[in-house]
Each structure stands twice: as C-alpha cells, then as structure tokens.
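Subject: Structure handover

Hello,

Here is the structure you are taking over, with the notes that go with it. Please read them alongside the coordinates.

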Amino acid sequence: MQDFTDALYTAAALIVHLDPEVREIVTLSLGVSFTASICAFVIGAPFGAALAMYRFWGQGAWIVIANALLGLPPVVVGLVVYLLLSRSGPLGSLGILFTPTAMVIAQTALGIPIVVALVHRMTVDNWATYGNALLVDGASRLRAMIPIMLIGREALLTAFLAAFGRAIAEVGAIIIVGGNIRGYTRTMTTAIALETSKGELSFALALGIVLIILSLAVSALSLIFGRALTAR
Amino acid sequence: MQRWPQFLRASAIATFVTATALLCGQAGAQEKSIVVASTTSTQDSGLYDYLLPIVKEKTGIGVKVLAQGTGQALDTARRCDADVVFVHAKSAEEKFLAEGYGIRRYPVMYNDFVLIGPKDNPAGVKGKDILTALQMIKAKAAPFISRGDRSGTNIAELALWKNAGIDIGNAKGPWYKEIGQGMGAALNTASASNSYVLSDRGTWLAFQNRGDLAILVEGDKHLFNQYGVMLVNPAKCPSVKKDLGQQFIDWLTSPEGQKIIADYKINGRQLFYPNANDPNA
C-alpha cells in the first residue's frame with residue numbers, strides 16, 4: 001500500500017508544481033496522439049461511410065479486415081513503421097525515424113481501423129433509415145455522405161475518442177519508432193515504462209495517475225462538446 | 001446544423017496548430033544533434049541524465065540516446081539509424097568493426113558486474129568467486145534471472161557460465177528464466193521473485209526497488225565491464241553525422257570528458273571509472 005499512497009502524493013506534487021519536464025512530456029503525448037487521431041479520422045471516416053453506402057467488389061473483405069485490425073498489436077505496427085522509416089528501409093531518405101512525426105504515423109495506423117469499423121457500423125444503420133430519402137432528393141452518394149455523417153455526428157465523436165484513447169494509451173509502437181529519447185520523443189507511456197525499469201515504481205505510478213486524469217479531462221471535454229453539437 | 005462548420009473549422013485550426021508545433025519542435029531539435037544507440041545500463045544508472053546536459057553545454061551537441069542493449073544498439077547502427085554506438089561487449093564491438101560498420105573503437109570507461117541475490121542466500125554463494133557461485137546456483141537449481149536479450153550484460157553472463165564449465169543452453173531448467181528485457185526490468189523481476197541476477201554495478205546502485213536483494217559476489221576479475229564508443233562508418237551509412245559524432249567521441253575521451261564521467265556519483269559512490277588512455281581496454 002505504501003507504493004500507492006506515495007504515488008498519490010507524488011502525482012499531486014507533479015500536478016501542483018507543473019514540473020517542466022513532465023509538462024513537456026504531457027504536451028508531446030497530447031500533441032502526438034491528438035494529431036494521429038485527427039489523421040486517422042480524416043482518412044478513416046469517409047472510408048468507413050463509403051463501405052456502408054456503396055456496393056463494390058471486395059467490400060465484405062474490407063469490413064472483415066477493418067474489424068480484425070481492431071486487435072492490431074501496437075508493437076507490430078511499431079515494427080512495420082520502423083522497418084519502413086529505417087535508413088535502410090524504403091522511406092529511409094525522409095530521415096524521420098526517432099522523431100515525433102514517426103510516432104504520429106504509427107498511431108495513425110493504429111487509429112484508422114477503429115474509425116473505419118465504428119463509422120461503418122453507424123452508417124449502416126443510418127443509411128438503411130435515410131439512404132433512400134437522400135437519394136430520392138437527387139443527391140449523389142458522394143453528396144449524401146455529408147448529411148449521413150451529420151446525422152451520426154455523435155457516433156463520429158465516439159469514433160474519434162476511441163482512436164484517441166487507443167493512441168494516448170499505447171506504448172508498444174511509439175517506443176520502437178520514437179526511441180523514448182529524453183526531451184524529444186519521450187511520452188507519458190514511454191516515461192512510465194522507463195521509470196518502472198529504474199525501479200522508481202511510485203514515480204511511475206504517479207505518472208500513470210496524471211495520464212488517467214488527462215484522459216478523464218479529454219473525455220469530459222468531449223461530453224460537453226457532444227452536448228453542444230446536439231443541442232440546438 | 002449551423003454548428004457543424006464551426007466544429008470543422010475548430011478541428012482544422014487545432015490540427016494546423018498541432019502539426020505546426022510538432023514540425024517546429026522537430027526543426028529546432030534537428031540542429032546539431034546526433035543519435036547515439038546505447039545500452040540500458042548507462043540509461044538506467046542515470047549516467048545520461050547527468051552527462052548529456054554537460055555535453056550540450058561544452059560542445060553544443062544535442063545527444064539523442066536510444067537505450068536498447070548492446071546487441072540491439074549495434075543492429076540499429078547496422079541499419080544506419082544511429083550516428084554513434086556506445087556499448088559494452090568488446091567481442092560484439094570487434095565483430096561490428098570487422099564487418100566494416102565502424103572504423104575505430106575507443107575505450108571510454110569501465111565498471112564491474114555484480115552478482116545480486118536474496119539476502120538469505122539460499123545457494124550459499126556469498127563471498128565466493130563468481131565461477132564457483134554460478135556452479136552452486138546451478139547445483140541447487142536456485143532461481144536465476146537472465147536478461148536473455150543479447151545485451152552486453154547478457155553476453156557477459158553467458159561467457160561466465162561457459163567459463164564455469166556449464167553449458168547453460170542444455171543445463172537450464174525452470175530455475176533459469178530468460179526475460180528478454182532491460183537491466184532495470186531484470187532487477188525488478190529478481191526483486192519480486194527473490195532470484196539471483198547478474199547486474200552492472202551502476203544500474204544496481206541507482207536501482208530503487210531492491211526488496212530483499214543484496215550484492216553477494218563482487219570484485220572478481222571475471223566481472224570486469226568495459227564500455228567502448230564507435231562512430232558508425234560513413235562509407236556504409238552516408239547519413240551518419242560524422243563530424244558531430246566524432247566531436248562527441250573526442251570529448252568523451254578527452255581529459256575533460258573523462259573527469260566528468262569520474263565525477264558521477266550516487267550516494268558518494270563512483271559508478272564509472274574512465275580509462276580512455278588504456279590501449280588494451
């Protein structure tokens with residue numbers, strides 16, 4: 001129990017004093033994961049909606065793939081992105097391995113299947129209900145996509161949050177492609193892994209508490225945001 | 001409905017701001033910095049937290065350290081993803097040089113390995129020499145944690161078993177656990193399971209979660225632990241920042257750098273002993 005009480009005190013001290021290094025780590029974590037979930041959303045949402053609205057060859061396979069990739073292990077994504085971005089890999093000339101950009105790429109890859117699967121699920125129902133009406137109105141399927149997404153905007157927010165949650169919580173991918181470099185690619189989760197390996201268990205747990213508080217804050221903000229979206 | 005465009009605009013602005021911030025952060029950090037692939041022991045012992053700000057102040061070079069373990073660090077360099085390697089397994093380093101990935105190896109410092117185990121010492125190894133101690137652990141099948149990750153410490157441990165006349169590949173049983181992780185993780189595992197474990201002294205001194213563990217064997221000449229540094233060969237890897245990398249190596253092995261390394265202490269105990277001038281190291 002000693003560890004837990006120590007951790008609570010340390011976490012409180014970290015938050016009250018806003019230690020500059022911790023602040024930097026928190027900013028990077030939020031920045032990388034937020035950017036990655038935006039990217040995953042922009043790529044994944046239209047694709048997920050299209051999977052429900054169009055009929056095309058191999059559609060079933062895409063849906064199966066997106067759902068299967070929900071369980072994609074971050075460490076595998078990390079390894080693939082690492083091999084692609086390595087100087088001896090196909091994209092090595094970009095020189096972005098061990099940078100925050102590489103971390104955004106890995107977390108985007110992790111977020112896309114979540115967004116695709118959730119947006120697809122939402123669109124299937126809404127398309128069944130409103131699809132015919134929208135097409136009768138003379139809209140093409142491409143144009144109908146915007147009203148369909150507007151109808152399901154709360155589900156879109158959920159999809160975005162799910163992608164963000166996956167990104168902010170994972171350590172397996174970013175520790176490989178970011179390298180956990182102090183003051184550069186060290187995030188909340190990689191810092192927790194490092195402090196654990198130093199045997200600083202209370203401090204590691206304190207960082208974990210800060211991470212949970214951040215997640216609560218993001219979740220609460222989106223709830224307020226979601227209410228603002230629906231209230232008219 | 002009218003709120004939707006606002007949401008889009010807000011997201012677009014947020015994305016733009018974050019992306020810009022990230023890009024700027026990257027541009028700033030790319031100035032005069034090198035990537036050093038290194039070991040978990042130098043990081044977990046706190047050496048880099050102490051040393052790198054001084055390097056930055058004295059040479060202006062920002063050093064980005066990847067703490068990976070010797071085997072993985074050398075592989076990272078073989079893929080051209082690092083500028084300098086700073087590791088501790090002379091045999092593996094010489095192989096790296098022979099393959100042409102490095103040009104020259106510079107000895108930097110040494111410390112020693114220690115055998116850590118439960119204070120009540122079920123295998124009775126306290127104060128024995130390391131080879132006898134390993135034979136006793138094997139005979140009693142006392143729990144032993146191995147790094148199992150081709151790190152410098154792991155390579156040293158395997159060589160010690162061999163020197164003790166034990167073919168660990170065949171002799172290992174459920175008592176011998178290869179965890180495949182860094183030094184700190186191995187100590188955490190040993191602490192939680194009251195096992196024996198080989199550690200470098202630096203990580204042990206900095207380690208905070210000792211539980212019932214203590215040093216049982218130390219000071220044996222077999223336990224010597226030499227660290228070396230090498231620039232990755234620019235002929236093999238054109239992306240290597242050879243001037244900055246060499247400048248970092250020159251500083252580490254200079255009288256000034258060597259003194260700074262010697263000055264690193266935890267609770268008054270020196271962790272690393274500089275020996276850049278020893279041609280045999």
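A straight helix of 37 residues would span 54 Å at 1.5 Å a residue, but α5(A) spans only 47 Å between its end C-alpha atoms. Where does α5(A) bend? The bend is at A:Y130, and its angle is about 55°. Please keep in mind that this is a predicted model, so the values below are computed from predicted coordinates.

The surroundings of α5(A) are also worth a look. Of its 37 residues, 26 are buried, so α5(A) is largely enclosed by the rest of the structure. After the helix comes A:G138, which has a positive phi near 100°.

Next, helix α6 of chain A, which covers residues 141-151. Its buried residues are A:A144, A:M145, A:I148 and A:M149. Viewed down the axis of α6(A), these buried residues fall within an arc of 140°, so they line one face of the helix. What do they pack against? The partners are α2 (20-53), α5 and α7 (153-169), which belong to chain A. The bent helix α5(A) is therefore one of the elements that the buried residues of α6(A) pack against.

For chain A overall, the secondary structure comes to 10 helices and zero strands. Its C-alpha trace spans about 65 × 50 × 30 Å along the principal axes. Of the 232 residues of chain A, 46% count as buried. Among contacts in chain A with a separation of 6 or more, 79% are between residues 24 or more positions apart.

Chain B has both kinds of element: 12 helices and 12 strands. Buried residues make up 43% of its 281 residues. Of the contacts in chain B with a separation of 6 or more, 76% join residues 24 or more positions apart.

The domain assignment divides chain B into domain 1 (11-110 + 226-274) and domain 2 (112-223). Domain 1 of chain B is thus given as two segments of sequence. The centres of domain 1 and domain 2 of chain B, taken over C-alpha atoms, are separated by 27 Å. Their contact takes 19 residues from domain 1 of chain B and 15 residues from domain 2 of chain B. On the side of domain 1 of chain B that touches domain 2 of chain B, the elements giving two or more residues are α2 (40-44), α4 (70-78) and α5 (90-98) of chain B. Of these, α2(B) gives the most, with three residues.

Last, the nonpolar core. The largest one has 142 residues, and the members that touch the most other members are A:A106, A:V115, A:V177, B:V84 and B:V85. Which element supplies the largest share of this core? That is helix α5 (residues 100-136) of chain A, with 17 residues. Domain 1 (11-110 + 226-274) and domain 2 (112-223) of chain B both give residues to this core, so it lies between them.

B:V85 can serve as an entry point to the core on the chain B side. Not counting residues up to four places away in sequence, B:V85 touches B:A37, B:A73, B:L74, B:A77, B:M230 and B:V232.

Regards

Terms used
Residues are numbered from 1 along each chain as its sequence is written. Chains are lettered from A and ligands numbered from 1 in the order in which they are written. This is a predicted model: local features need pLDDT of at least 70, side-chain atom pairs count only at pLDDT 80 or more; totals for chains, interfaces and linings use all residues. A nonpolar core is a set of buried Ala, Val, Leu, Ile, Met, Phe, Trp, Tyr and Cys residues joined through C-beta atoms within 7 Å. A residue is buried if 20 or more other C-beta atoms lie within 10 Å of its own, exposed if 12 or fewer, and partly exposed in between; C-beta atoms are placed from the backbone. Helices (H or I, at least four residues) and strands (E, at least two) are DSSP runs, numbered from the N terminus. Domain bounds come from an automatic or database domain assignment. Two residues are in contact if their C-beta atoms, placed from the backbone, lie within 7 Å. The expected span of a helix is 1.5 Å times one less than its number of residues. The bend at a residue is the angle between axes fitted to the seven residues ending there and the seven starting there. The arc is that of the directions from the helix axis to the C-beta atoms.
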